[in-house]
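This report describes the strands, the nonpolar core and the largest pocket of one protein model, and then gives an account of selected residues. The sequence and the structure are shown first.

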Amino acid sequence: MPSSEKIKSSEQLSALEGTIHERKSRKTKTELFLKGLKKQEGVVTEFTDTLWHALADHAVVNSKEDVRFIFKNGIELRV
C-alpha cells in the first residue's frame, strides 16, 4: 500500500474513532437525561428550575436573532 493511501486510511480511522466516541458520549448523556426524567413524579406539567438544570447543558447567544439551547442529550434547539 503506498504511503498516501496509508495516510488516508489512518485519517479515515481517526475520523471513525472520533464519531464512535461522540456517539458513546451522546448515549451516556441521553441515558443520564432519561434517568433524571424518570425521577420526576407524575406527568411534568410545568418547568421547574430542577428540571431545567437536569435537561439543559448550556445556551449560546450568537445574536439577537440567533439564540440556541444545547441540551444534555446533545439536541440543539434554536429559538
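In which helix does Trp 52 lie? The model is a predicted one, and in it Trp 52 belongs to helix H2, which spans residues 49–55.

**Trp 52 and its surroundings**

With a relative accessible area of 30%, Trp 52 is partly exposed, because that class lies between the limits of 20% for buried and 50% for exposed. When neighbours within four places in sequence are left aside, the contacts of Trp 52 are Phe 47, Phe 69 and Phe 71. Phe 71 is 19 residues away from Trp 52 in sequence, and their C-alpha atoms are 9.5 Å apart.

**The nonpolar core**

Phe 71 also takes part in the largest nonpolar core, which has 5 residues in all; Phe 33, Leu 51, Leu 55 and Ala 56 are the others. For Phe 33, again without neighbours within four places in sequence, the contacts are Ala 54, Leu 55 and Asn 73.

**Strand pairing**

Three strands, S1, S2 and S3, are described here. Strand S1 covers residues 56–63 and strand S2 residues 66–71, while strand S3 covers residues 76–78. The two pairings are set out below.

| Strand pair | Sense | Bridges | Opposed residues |
|---|---|---|---|
| S1 and S2 | antiparallel | 6 bridges | Val 60 and Arg 68 |
| S2 and S3 | antiparallel | 3 bridges | Phe 69 and Leu 77 |

S1 and S2 form a hairpin, with 2 residues between the strands. A hairpin is also formed by S2 and S3, with 4 residues between them. The turn of the hairpin of S2 and S3 contains Gly 74, whose phi is positive, at about 95 degrees. In general, side chains in a regular strand alternate between the two faces of the sheet.

**The loop residue Ile 75**

Ile 75 is located in the loop between S2 and S3. Its relative accessibility of 47% places Ile 75 in the partly exposed class, because exposed residues are over 50%. Apart from residues up to four places away in sequence, Ile 75 touches Phe 69 and Ile 70. Ile 75 and Arg 26 are 49 residues apart along the chain, and 9.4 Å separates their C-alpha atoms.

**The largest pocket**

Arg 26 is also one of the residues that line the largest pocket, which has a volume of about 170 Å³. Helix H1 (3–38) and S2 are the elements that give two or more residues to the lining. The largest share, 6 residues, comes from H1. Other lining residues include Asp 57, Ile 70, Phe 71 and Gly 74.

What is the make-up of this lining by class? It has 5 charged, 3 polar and 2 nonpolar residues. Among the residues of the lining are Glu 22, Arg 23, Lys 29, Thr 19 and Ser 25.

Note on methods: Residues are numbered from 1 along each chain as its sequence is written. This is a predicted model: local features need pLDDT of at least 70, side-chain atom pairs count only at pLDDT 80 or more; totals for chains, interfaces and linings use all residues. Side-chain values use heavy atoms; hydrogens and water are left out. Two strands pair if DSSP finds at least two bridges between them. A nonpolar core is a set of buried Ala, Val, Leu, Ile, Met, Phe, Trp, Tyr and Cys residues joined through side-chain atoms within 4.5 Å. Buried means under 20% relative accessible area, exposed over 50%, partly exposed in between (1.4 Å probe, protein chains only). Contact means heavy atoms within 4.5 Å. On a 1 Å grid over the protein atoms alone, a cavity is a set of points where a 1.4 Å probe fits but cannot get out, and a pocket is an open set with protein on both sides within 12 Å along at least five of seven lines; lining residues have an atom within 4 Å of a point. Grid points are joined across faces, edges and corners, and a volume is the space filled by probe spheres set on the points. Ala, Val, Leu, Ile, Met, Phe, Trp, Tyr, Cys and Pro count as nonpolar, Asp, Glu, Lys and Arg as charged, and the others, Gly among them, as polar.
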